[in-house]
Amino acid sequence: MNNEITYYFPCQRWLAVEEDDGQLSRELLPVDESYVLPPSEDEEGGGDDSNPLDNLALEQKDKSTTFSVTIKTGDKKNAGTDANVFITLFGTQDDTGMTLLKSSKTNSDKFERDSIEIFTVETLDLGDLWKVRIGHDNTGKAPGWFLDWVEVDAPSLGRCMTFPCGRWLAKNEDDGAIVRDLFHAELQTRLYTPFVPYEITLYTSDVFAAGTNANIFIIIYGCDAVCTQQKYLCTNKREQKLFFERKSASRFIMELEDVGEIIEKIRIGHDNTGINPGWHCSHVDIRRLLPDKDGTETLTFPCDRWLATSEDDKKTIRELVPYDIFTEKYMKDGSLRQVYKEVEEPLDIVLYSVQIFTGNVPGAGTDAKVYITIYGDLGDTGERYLGKSENRTNKFERGTADTFIIEAADLGVIYKIKLRHDNTKLCADWYVEKVEIWNDTNEDEFLFLCGRWLSLKKEDGRLERLFYEKEYTGDRSSNCSSPADFWEIALSSKMADVDIATVTGAMADYVQEGPVIPYYVSVTTGKQKDAATDSRAFIFLIGEDDERSNRIWLDYPRGKKGFSCGSVEEFYVAGLDVGVIKKIELGHDGASPESCWLVEELCLAVPTQGTKYTLRCNCWLAKDRGDGVTSRVFDLLDATVVNIGVKVLYEMTVWTGDVVGGGTDSNIFMTLYGTNGSTEEVQLDKKKARFEREQNDTFIMEILDIAPFTKMRIRIDGLGSRPEWFLERILLKNMNTGDLTMFYYGDWLSQRKGKKTLVCEMCAVIDGEEMMEWTSYTVSVKTSDIRGAGTDANVFIIIFGENGDSGTLALKQSANWNKFERNSTDTFNFSDMLSLGHLCKLRVWHDNKGIFPGWHLSYVDVKDNSRDETFRFQCDCWFSKNEGDRQTVRDFACANNEIHDELEETTYEIIIETGNGGETRENVWLILEGRKNRSKEFLVENSSRQRAFRKGTTDIFEFDSVYLGDIASLCVGHLAREDRFIPKRELVWHVKTITITEMEYGNVYFFNCDCLIPLKRKRKYFKVFEVTKTTESFASKVQSLVLVRYEVIVTTGYEPGAGTDANVFVTIFGANGDTGKRELKQKMRNLFERGSTDHFFLETLELGELRKVRLEHDSSGYSSGWLVEKVEVTNTSTGVATIFTCGRWLDQKRGDGLTWRDLFPSV
């Protein structure tokens, strides 16, 4: 009072529930008196009527923080409240004080059961928000309230925080408290790019009926197509009536995304609602703070056009580009510098001619409303309604082309469009053939080949589709719809040279430093009450030396959330390669008492290591259950470990041909063959827009280490509305080595076109050289001369050779009209096949159809016409459900191949590669551990005459020994020569690799050692290395092809409903191949009942070491669900039994819904 200082606090805002943002209290900032006091007579000058306070709104908005407070009432009986609710936000510097929550943006009747309310709380800087206090005054008929959570979103800070509660605020519930302090759950905090304030002023023209009652929206675009969200300017109907009157200026202060330093264009429009929706806009001003906040800049966007369906060009959307910029900046001396300039090189307003071709197929036309969005490298048009065709009255009729004019700012190079319709009217289905877009300014033309239905009844039932320009080869990650899609991009080669710090948008959550590999995670939730959770789960992977991955979120595809009771959820993720995994941490982000989770089982598969871990957890992750923790570390020493086969990551690119109808909806299957074996048939993931006409699709594949590749088989199932596919070529790129393998085809997979086949084989081409030769085969089938030997069934074969197998060959066209009759010989020709080399095995079966399906086969001859060599397969057995051992599938060895007696002695070639980490002049000794025997010690004596083990060199030795069988491990020792001084530089020897070849059969065993072996004077010190990779020779495979009988024992679980009435099938996989799919059936027996053990016998050729069992059923019968405890397979000739544990349901209605399982033997 003594200094007579006066402070001015302008407001100019409503304090009312039904006005503005609904707040009843406001915090105000003091301003200079020049903004409040009327100007003196000398300052009035030109008589400007503008209020100085009008220019303060933007600066005041920047100095305040607007919080969007979302409150979730629980879904419990009597959870809602009639009391007055208040909230206080606490920051590190200040708090908001008690704020009544009166004006909800979502519901007039607030805080009802299971409802969500949104409120606005505006305050000055609080610092970092750390606590929320929420409560009520306990008034009303039903004051008790169950609060689920509170979410506080601060766009200007780029932070959205969740404050879990999950408790009652009631005098008669819980602890009786009606006020609670809540603290944010750090794991649920979402960070994004902070918003900035914009002052948007829209000027309505002074023409007749220029005003509007419609709701106006705006989108602001910066460089590189960065834009804000579409934002409606009015918050309620009253504001729509108040603003946008004729010859008026409507000003709004809004927080929107920061589009960067340059605003290139804006899009304005309205929803065409209200009594008088037409609007004539004069111009738009956008004012924002300079980057250093020492001034403002105002951009003016001229318009002077109608936005009305009855005026001008009848469009309700306009794109505007800035004409001039007015900058006000405060200088260091306190003066205000004002600069006016025109925008340099603004975007042109362009007319785009869009011609849409409706296909000439039945029912192709549509009466629905059609919308299009065009995307270019400079931005997009937004969604535009295609209302008026320039050349036709009745739009989108079958076999017609409609032209539309779209006015927009220059989009640059157009690369993508989005088409959709609203599915209204009687005939809504629409088949789009293609879309052509012309830029009328520079006459650029863009072609989009569509050939798809937009229909709920056809193809995949979608009303909206993305199409890419015919020549576009860039990124298509906008097709990503699930976390698995983003993980696949993170694994791809395109991320190798990307600076992770520059990645923005959705991909930012999926990239990470260091080598990244895929993981498969499966989580089984318990069946107890309250076992389920809707929290977000995560894992950490911990390797040797406590190397730790980033937090890996286990996110669902859009639309799905949480873990339900008894569910089995599987996730495909990627994370840091931590080497051998020692521990895994599982947790979730739930922090309230309601977010408890009972985890029954956790599985982790690492395909690049060929290992799968299964942990029986049976523990709670909850604040109020068990030990009160929401995350837990599990030691994998307690896990069951199985070997699933080491996979190598490949980047696969598939080219679909540029022919009409070249794309497909069919399921596509692939089988790969290499010099080290073959893969199983795997299905290629179709995703949303893969395998479309003239398109190349790149994705990640995990393939067994069988390279170098020799051939690829592709099969489609011929299903779907587009059952044909024109395959051009396929490229495989090894992600580790960069090796490339190309497969060329260039023809149809179709039953009507091209070669009229749904299966093709492609020869691998490496460095321009084909890896296989082409040939043709003639198959002669001799049916036995015994009673009832002939069959009416359909017969199939698979031929196996040193270069893989032929795939399924149907024996259809024979010289005999009636095939497979008693004592007849039927001949079948198969042309244009890749040579299998020397043949070793034949699989024969029939489908048991026809009046007399039983068949007695004498022999089969297969002639390789290019080699002029015939291979005989002697059979002499029944293929019948009623004769012999009732098998209809059999494998036969080639009679041409000589089976030798088992070796007693052989010679081993040993190749030792010394690394650069250390050489030695001392002796080295080795002992080979085989499946059958152990070798004697092999000593390599170093001498001055014959120096070995130099740095970077490879030494070759031969070693005579007893036959060891398959080599499993290797002992290596580094032994000092007697009476010799040892210098320090020779204390260790760096052995990089050791390759052992068994010379009689040619089997190769590779050991990737890469180890420093210290020099010792005693033999008790040595290193043991497990075999890394084995290459079995064809000669060795032939020796194992003898008939063996396997006993299969299946144990059904003890839970209620564990038994099945379905038909059960098994496939056993071994080192020498598989049995094929065999049905497990016995006459007059009720199999697979609860708690039962069922025995079966299968006769097949020796499989070698058993690696996997696939168990499945056809879901037939009254009760098809099946709980399998385990499967035991015994080789009756050797007595070796292999146990495959399961403990999972094969049921479409339980667990993960699968009716098949791949079972592996425990390590």
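Q: Let's start with a single bridge: which residue in S56 is the bridge partner of Lys841?
A: That's Ala893. Keep in mind that this is a predicted model. The two strands involved, S53 and S56 (residues 889–893), pair over five bridges in the antiparallel sense.

Q: And what is the bridge partner of Phe800 in S53?
A: Lys841 again. Phe800 belongs to the other pairing, where strand S49 (residues 795–801) is joined to S53 by seven bridges, also antiparallel.

Q: How many residues of strand S53 are buried?
A: Buried means under 20% relative accessible area. For S53 (residues 839–846) the count is eight of eight, so the strand is mostly covered.

Q: Why is strand S24 described as largely enclosed by the rest of the structure?
A: Because eight of its nine residues, in the run 401–409, are buried. As for its pairing, strand S20 (residues 349–358) is joined to S24 by nine bridges, and the two run antiparallel. If you want a spot to look at, Tyr352 has Ile406 of S24 as its bridge partner.

Q: How do I read a whole sheet, say the open one of four strands: what is its order?
A: Go across it strand by strand: S3-S2-S5-S8, with antiparallel pairing. At the edges are S3 (99–100) and S8 (179–183), each of which pairs on one side only. Further in, S2 (residues 85–91) and S5 (residues 129–136) run antiparallel and share seven bridges. Across that pairing, Phe90 faces Lys131 in S5. While you're looking along any such strand, here's the general idea: in a regular strand, side chains alternate between the two faces of the sheet.

Q: Moving on to rings, how many aromatic pairs does a search of the whole structure find?
A: There are 38. A pair of aromatic rings is described by two things, the distance of the centres and the angle of the planes. Take Phe538 and Phe540: their ring centres are 5.8 Å apart and the planes sit at 75 degrees, so you call the pair edge-to-face. The cut-off you need there is over 60 degrees.

Q: Are those two rings buried or exposed, starting with Phe538?
A: Phe538 is at 2% relative accessibility, so it counts as buried. Phe540 has 10% and therefore counts as buried as well.

Q: Which residues form one aromatic cluster?
A: Phe820, Phe828, Trp855, Phe879 and Phe892.

Q: What about charges over rings: where does the charged end of Arg715 sit?
A: Over the ring of Phe669, at 4.3 Å from the ring centre. You'll find another case at Tyr859, where Arg872 lies over the face, 3.8 Å from the centre of the ring.

Q: How about one residue in its surroundings: in which strand does Thr1067 lie?
A: Thr1067 is in S67, which spans residues 1064–1070. With a relative accessibility of 8%, Thr1067 counts as buried. Setting aside neighbours within four places in sequence, Thr1067 is in contact with Asp1074, Thr1075, Gly1076 and Lys1077, and also with Lys1108, Val1109 and Arg1110.

Q: Last one, on confidence: what pLDDT does the chain average?
A: The average is 88, and 94% of the residues score at least 70. Residues 43–48 are below 50, and apart from near neighbours in sequence that stretch has one contact in the model.

Methods
Residues numbered from 1 in each chain as written. Predicted model: local features only at pLDDT ≥ 70, side-chain atom pairs only at ≥ 80, totals over all residues. Heavy atoms only, no water. pLDDT = per-residue confidence, 0-100. Contact = heavy atoms within 4.5 Å. Phe/Tyr/Trp six-rings, centres within 6.5 Å; stacked < 30°, edge-to-face > 60°. Buried < 20%, exposed > 50% of the residue type's maximum accessible area, 1.4 Å probe, protein only. Lys NZ or Arg CZ within 6 Å of the ring centre and 35° of its normal. Pairing = 2+ DSSP bridges.
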